[in-house]
Amino acid sequence: MSHIVEIKTEVRDPVAIRAACQRIKVPGPVFGEFKLFSTSAIGWAVRLPQWRFPVVCDVNTAKIVYDNYVGRWGDTKHLDGFLQGYAVEKAKLEARKKGHTVTEQALSDGSIKLTVSVGGVA
């Protein structure tokens with residue numbers, strides 16, 4: 001039986017943040033307080049390619065703080081890639097915790113299809 005699921009991503013898991021960073025080939029996240037242009041933020045910082053300031057994830061509130069100056073200091077495609085990677089990695093972690101097998105397929109439109117087989121071990 002097939003079911004389509006839509007996932008609203010809330011960035012709340014440091015393990016999945018680290019996996020997403022590995023997935024998109026950026027340095028692992030670092031926890032601390034980070035300066036953005038005119039403010040600062042506390043959380044897990046992710047350094048995206050060619051971004052002037054980090055993206056900071058507060059896992060307690062699921063709030064993501066960044067300053068890319070409307071794309072001049074960082075292309076949002078990199079943020080979108082990180083969020084997609086986070087969603088995929090978090091879904092895989094949760095499915096595997098429950099003993100399910102997960103397979104992944106990249107689709108031509110840039111989306112990712114995950115198939116979760118109930119009862120399998122990956």
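Author: A residue counts as buried when its relative accessible area is under 20%. In this predicted model, 34% of the 122 residues of the protein chain meet that criterion.

Reader: Before individual residues are examined, how many helices and strands are there in the protein chain, and in what order do the elements run?

Author: A chain may be summarised by listing its elements from the N terminus on. Here there are two helices and six strands, and their order is α-β-β-β-β-α-β-β. Taken along the principal axes, the box filled by the C-alpha atoms is roughly 50 × 30 × 20 Å.

Reader: What share of the contacts joins residues at least 24 apart in sequence?

Author: For such a figure one sets aside contacts between close neighbours in sequence. Among contacts between residues at least 6 apart, 40% join residues at least 24 apart.

Reader: How should I read the packing of two helices, and at what angle do H1 and H2 pack?

Author: One reads the angle between the axes, then their separation, then the handedness of the crossing. Helix H1 covers residues 14-23 and helix H2 covers residues 76-97; the angle between them is about 125 degrees, and their axes lie 8 Å apart. H1 is therefore oblique to H2, since an angle over 145 degrees would be needed for roughly antiparallel and 65 to 115 degrees for roughly perpendicular. The crossing of H1 past H2 is right-handed.

Reader: Which residues of H1 and H2 meet, and how do they divide into nonpolar, polar and charged?

Author: A helix contact is described by its residues on both sides. From H1 the participants are Val15, Ala16, Ile17, Ala19, Ala20, Cys21 and Arg23, and from H2 they are Phe82, Gly85, Tyr86, Val88, Glu89, Lys90, Lys92 and Leu93. In this contact of H1 with H2, 10 residues are nonpolar, one is polar and four are charged.

Reader: May we take one residue of that contact as an example? Where is Ala16 found, and is Ala16 buried or exposed?

Author: One combines the element, the accessibility and the contacts of the residue. Ala16 is found in helix H1 and is buried, because its relative accessible area is 0%. Apart from residues up to four places away in sequence, Ala16 touches Tyr86, Glu89, Lys90 and Leu93. The C-alpha atoms of Ala16 and Glu89 are 5.7 Å apart, although 73 residues separate the two along the chain.

Reader: How many disulfides are there?

Author: A disulfide is a covalent bond between the sulfur atoms of two cysteines. In a model one looks for sulfur pairs within 2.5 Å, and the count here comes to zero. Cys21 is in no disulfide, the nearest cysteine sulfur being that of Cys57, 7.9 Å away. Seen from the other side, the cysteine sulfur closest to that of Cys57 is in Cys21, and 7.9 Å is too far for a bond.

Reader: Are Cys21 and Cys57 buried or exposed?

Author: Accessibility is judged separately from bonding. Cys21 counts as buried because its relative accessibility is 0%. Cys57 is likewise buried, with a relative accessible area of 0%.

Reader: What does His78 in helix H2 contact?

Author: Again one leaves aside neighbours within four places in sequence. His78, found in helix H2, is then in contact with Leu48, Pro49 and Trp51. Between His78 and Ile112, 34 residues apart in sequence, the C-alpha distance is 16 Å.

Reader: Which residue in the loop between H1 and strand E1 has a positive phi?

Author: The sign of phi is read together with the residue type. Lys25 has a phi near 60 degrees, a positive value in a residue other than glycine. Lys25 lies in the loop between H1 and strand E1 (30-35) and is exposed, given its relative accessible area of 73%. Ala62 has a positive phi near 70 degrees and is also a residue other than glycine. Ala62 lies in the loop between strand E3 (55-58) and strand E4 (63-65), and counts as buried because its relative accessibility is 17%.

Reader: Finally, how is a strand residue such as Thr115 to be read, and what does Thr115 touch?

Author: The approach is that used for a helix residue. Thr115 is placed in strand E6, residues 112-117, and counts as partly exposed because its relative accessibility is 34%. Not counting residues up to four places away in sequence, Thr115 touches Thr101, Val102 and Thr103. The C-alpha atoms of Thr115 and Thr103, 12 residues apart along the chain, are separated by 5.2 Å.

Conventions: Residues are numbered from 1 along each chain as its sequence is written. This is a predicted model: local features need pLDDT of at least 70, side-chain atom pairs count only at pLDDT 80 or more; totals for chains, interfaces and linings use all residues. Side-chain values use heavy atoms; hydrogens and water are left out. Axes are lines fitted to C-alpha atoms, for helices over the stretch in contact, and angles run from 0 to 180 degrees between N-to-C directions. Angles under 35 degrees count as roughly parallel, over 145 as roughly antiparallel, 65 to 115 as roughly perpendicular and the rest as oblique. A crossing is left-handed if the near helix is turned anticlockwise from the far one by less than a right angle, and right-handed if clockwise. Contact means heavy atoms within 4.5 Å. Ala, Val, Leu, Ile, Met, Phe, Trp, Tyr, Cys and Pro count as nonpolar, Asp, Glu, Lys and Arg as charged, and the others, Gly among them, as polar. Buried means under 20% relative accessible area, exposed over 50%, partly exposed in between (1.4 Å probe, protein chains only).
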